[in-house]
Amino acid sequence: MVYVGIPKGQADQEEEVLKTIQDGDADELTIKRFTESREKPGALWHIYAAKDTEKIREFLKKVAEEQGQENPVDHDPIHDQSWYLDRSLRKRLHQEYGVQGWAIVQFLGDVVFIPAGAPHQARICIKVAEDFVSPEHVKHCFWLTQEFRYLSHTHTNHEDKLQVKNVIYHAVKDAVGILRANESSLSRP
C-alpha cells in the first residue's frame, strides 16, 4: 500500500473506517492497530483457500438465481468480479458451505500476497498488483489458465495473463544454463 489519503474537502472518516473494518470481520489486533496505533488502513481484503473455489462459485450462482439473475455458461461469477461478499453473504457462505476466509486490513506500507487460485475480494480505490508464479503454485496457475479459456472471448480475463508456459520454459532454460556453466564442478568427486 503506497498511499492512503482522504480527499480534500472531506471530513475525517474515522468512525466510518472503523465500522467498515469491524463489519469486515477483522480481528481485535487489527482493530487496535487502527484505533490505538493510529495507522492508516487503505484496503480490506477477504481471501479464501483455493480448495474452496468451486463451493464459492456454486454459492454465487445460487445467490444469482435467487435474485433472478442469469448464469451464462461462458461467464464465471468469480472471474467476472461482479460480486462483493458483504457480511451477510460471508456468513451465509460459511453456514451453508462451510467456507470461511481470512479478513486482512492492509495498512499504509503493507503488502498482501495472495496464493495462486485463491478467490479474493478487496474494498479499495486503486490497487497496484503484480502477478507472479511460484513453483509451489504452478499447478494452480495451469488450472486458472484452463478456467480462463472457457470464458467468453470478450471477457476481460479470457487471455492467459500469467503466461505460465513461458514462465516454466524460461525457468527450465535458466536452470539448464546454470547446470551447464557449472558442469565441470558438478562432476568432481
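Two strands count as paired if DSSP finds at least two bridges between them. The model treated here is predicted.

**Exercise 1. The sheet**

Task: Work out the strand order of the open sheet and find which strands stand at its edges.

Solution:
- Step 1. Start with β1, residues 41-47. Six bridges join β1 to β2, and the two run antiparallel.
- Step 2. Pick out one pair for orientation. Ala43 stands opposite Gln106 in β2.
- Step 3. Write the order. The open sheet has three strands, β2-β1-β3, with antiparallel pairing.
- Step 4. Read off the edges. β2 and β3 (120-123) each have a single partner strand, so one side of each lacks a neighbour in the sheet.
- Step 5. Add the twist. From one strand to the next, it averages 20°.

**Exercise 2. The helix crossing**

Task: Describe how α3 and α4 cross, and classify the residues of their contact.

Solution:
- Step 1. Take the geometry. The axes of α3 (residues 53-66) and α4 come within 11 Å and cross at roughly 115°.
- Step 2. Assign the hand. The crossing of α3 and α4 is right-handed.
- Step 3. List the contact, using heavy atoms within 4.5 Å. Helix α3 gives Lys55, Ile56, Glu58, Phe59, Lys62, Val63 and Glu66. Helix α4 gives Leu89, Arg92, Leu93, Glu96 and Tyr97.
- Step 4. Sort by class. Six residues are nonpolar, six are charged and none is polar.

**Exercise 3. The second largest pocket**

Task: Give the volume of the second largest pocket and say which element supplies the largest share of its lining.

Solution:
- Step 1. State the volume. It is about 220 Å³.
- Step 2. Go to the centre. The pocket has 13 lining residues, and the closest to its centre are Asp25, His46, Arg90, Gln100 and Gly101.
- Step 3. Name the elements. Those giving two or more residues to the lining are α4 (87-97) and β2 (102-107).
- Step 4. Compare shares. The largest, five residues, comes from α4.
- Step 5. Finish with classes. The lining has five nonpolar, four polar and four charged residues.

Technical notes
Residues numbered from 1 in each chain as written. Predicted model: local features only at pLDDT ≥ 70, side-chain atom pairs only at ≥ 80, totals over all residues. Heavy atoms only, no water. 1 Å grid on protein atoms, 1.4 Å probe; cavity = no way out; pocket = protein on both sides within 12 Å on 5 of 7 lines; lining within 4 Å. Points joined across faces, edges and corners; volume = space filled by probe spheres on them. Helix = DSSP H or I, 4+ residues; strand = E, 2+ residues; numbered from the N terminus. Nonpolar A, V, L, I, M, F, W, Y, C, P; charged D, E, K, R; others polar. Axes fitted to C-alpha atoms, helices over the stretch in contact; angles between N-to-C directions. Left-handed = near helix turned anticlockwise from the far one by under 90°.
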